[in-house]
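Trainee: I have a structure in front of me and would like to learn how to read it step by step. Could we go through it together, with a reason given for each answer?

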Amino acid sequence: MNTAALLAFIKKQPIGVACAGLCLGCLLLLYFRSDALDERQKTFDARTAEADKIETNVRNAEGLPAQVAAMQADGKEMGSRLIRASQLALNYRYFYRLVDETGVKLIGDIRQGQVLAGKGTTKTSYQAVPYTVTIQCTYPQVLGFLQRLQSGAHFCRITSATFSKIGGDNSDRLSATLNLDVMGLP
């Protein structure tokens, strides 16, 4: 095929030749731009993820002021339930009031143990303040005392309890030694 025959073919089939040229051009463009397509897809995916994240943040931010206020109120309420290990008189008064309210008899005295400061603790770190309380009472009274401790004004965890019967077999009195931790600040 020479040039004259090629020109004659182009004149005879102009639409077909134009379409073939256009297809060839599109294929070349697609081949050379295929890497740009991947880059644009990655950009699109990143922007879609960011838009979803922003949409989620906006949707979750609707009740944010009320949630912050509730958390601050809970924090203040929790702070009021903490004891201060350095305020011995106030701490002992709490236990003496419990003894009076439940009708149990205190044997000996209430002893506050040593607060062990852990590694990396600060003055605002919560710590367990250990106490030892020995009481004499009936079984229902000791249950009332334990219930008041656990649902009382301070956060309390009973670490150990020792019960022993006082008197003969017909006696309903018992002695209880309680080791407990009260959450507080040093």
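Trainee: With which residue does Arg157 form a salt bridge, and how far apart are the closest N and O atoms?

Mentor: Keep in mind from the start that this is a predicted model. A salt bridge needs a side-chain nitrogen of Lys or Arg within 4 Å of a carboxyl oxygen of Asp or Glu. Arg157 meets that rule, since its partner is Asp181 and the closest N and O atoms are 2.7 Å apart.

Trainee: In which strands do Arg157 and Asp181 lie, and how many residues apart are they?

Mentor: Arg157 belongs to strand β5, which covers residues 156–165, while Asp181 belongs to strand β6. The pair therefore links distant parts of the chain, and the separation is 24 residues.

Trainee: Is Asp181 buried or exposed?

Mentor: The relative accessible area of Asp181 is 16%. Because buried means under 20%, the word to use for Asp181 is buried.

Trainee: Which helix holds both Glu55 and Arg59, and how are the two side chains joined?

Mentor: The two residues are four apart, about one turn of the helix, and the helix that holds them both is α2, residues 14–60. Glu55 is partly exposed at a relative accessible area of 46%, and Arg59 is partly exposed as well, at 47%. Their side chains meet in a salt bridge, with an N to O distance of 3.8 Å.

Trainee: What is the N to O distance between Glu77 and Arg81, and how many salt bridges does the count come to?

Mentor: Glu77 counts as partly exposed, with 40% relative accessibility, and its side chain meets that of Arg81 in a salt bridge at 4.0 Å, N to O. When the rule is applied to the protein, the count comes to four salt bridges.

Trainee: Why is strand β4 described as largely enclosed by the rest of the structure?

Mentor: Strand β4 covers residues 127–138, which makes twelve residues to consider. The strand is largely enclosed because the number of its residues that are buried is ten.

Trainee: Which strands are joined to β4 by bridges, and which of them has twelve bridges?

Mentor: Strand β2, residues 105–106, runs antiparallel to β4 and is joined to it by two bridges, with Leu106 partnered by Ile135. Strand β3, residues 111–112, is also antiparallel to β4 with two bridges, and here Gln112 stands opposite Tyr131. Thr134 stands opposite Thr177 in another antiparallel pairing with β4, and the strand joined by twelve bridges is β6, residues 173–185.

Trainee: How many helices and strands does the protein have, and what is its radius of gyration?

Mentor: The secondary structure comes to five helices and six strands. For 186 residues the globule rule gives 16 Å, and the protein is well over this, so it is more spread out than a compact globule. The C-alpha atoms fill a box of roughly 130 × 35 × 35 Å along the principal axes, and the radius of gyration is 40 Å.

Trainee: Which residues make the nonpolar surface patch, and what is its area?

Mentor: One of its members, Ile10, lies in helix α1, residues 3–12, and is partly exposed with a relative accessible area of 34%. The patch is made by Leu6, Leu7, Phe9 and Ile10, and its area is about 360 Å².

Methods. Residues numbered from 1 in each chain as written. Predicted model: local features only at pLDDT ≥ 70, side-chain atom pairs only at ≥ 80, totals over all residues. Heavy atoms only, no water. Patch = residues over 30% accessible without salt bridge, like charges linked within 9 Å, V, L, I, M, F, W, Y side chains within 5 Å. Areas by Shrake-Rupley, 256 points an atom, 1.4 Å probe, with all protein chains shown as cover. Buried < 20%, exposed > 50% of the residue type's maximum accessible area, 1.4 Å probe, protein only. Pairing = 2+ DSSP bridges. Rg over C-alpha atoms; globule rule 2.2 N^0.38 Å.
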